[in-house]
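Student: Please take one part of this model and go through it closely. I would like the long helix-level view, with the terms spelled out.

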Amino acid sequence: MPRFVHYVSSPDGFRAARSDLLTTVTGLPAWGRFIVFVLSLPGIVLIGLSLLALAASIATLLLLTVPAYGLLRRLADWLGGRGNETLPDQIRGPVSRPARKVEATVID
């Protein structure tokens with residue numbers, strides 16, 4: 001606990017903790033560093049597998065939705081472009097309306 005209080009209360013808190021960690025790991029003999037590396041391998045493998053799963057899920061999402069979007073877009077164009085009538089003005093584009101002047105008074 002006193003070490004934690006020292007890290008939190010010092011101005012270089014995180015840097016001091018990082019420096020102490022690196023010093024203790026690099027201060028180990030070669031066989032000790034090897035054991036720490038071997039014990040960290042499962043975590044490294046799990047991080048790699050989770051990144052691979054993320055990439056696979058994004059690829060699956062794109063493989064399923066991009067062709068469906070293209071097909072539905074072509075189908076809507078073939079049916080006469082129906083569906084654009086229900087879009088709000090902000091999505092279709094700017095609407096040309098005459099500008100109005102507004103007077104305002106600022107009170108401090």
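Tutor: What follows is a close look at helix α3 and its surroundings.

This is a predicted model, where local features need pLDDT of at least 70, side-chain atom pairs count only at pLDDT 80 or more, and totals for chains, interfaces and linings use all residues. Residues are numbered from 1 along each chain as its sequence is written, and side-chain values use heavy atoms, with hydrogens and water left out.

The protein chain has four helices and zero strands; helices are DSSP runs of H or I, at least four residues, numbered from the N terminus. Mean pLDDT is 78 for the chain, on the predictor's scale of confidence in each residue, from 0 to 100. Helix α3 (residues 30-78) has the highest confidence, at a mean of 93, and helix α4 (residues 89-92) the lowest, at 54. Where pLDDT is low, the predicted coordinates should not be read in detail.

α3 has 49 residues. From first C-alpha to last it reaches 70 Å, close to the expected 72 Å (1.5 Å times one less than its number of residues). Even so, α3 has a kink of about 35 degrees at serine 40, shortly before proline 42. That bend is the angle between axes fitted to the seven residues ending there and the seven starting there.

Isoleucine 44 also sits in α3. Isoleucine 44 counts as partly exposed because its relative accessibility is 48%, between the limits for buried (under 20%) and exposed (over 50%), with a 1.4 Å probe and protein chains only. Just after α3, glycine 80 takes a positive phi of about 100 degrees.

How values were computed
Helices (H or I, at least four residues) and strands (E, at least two) are DSSP runs, numbered from the N terminus.
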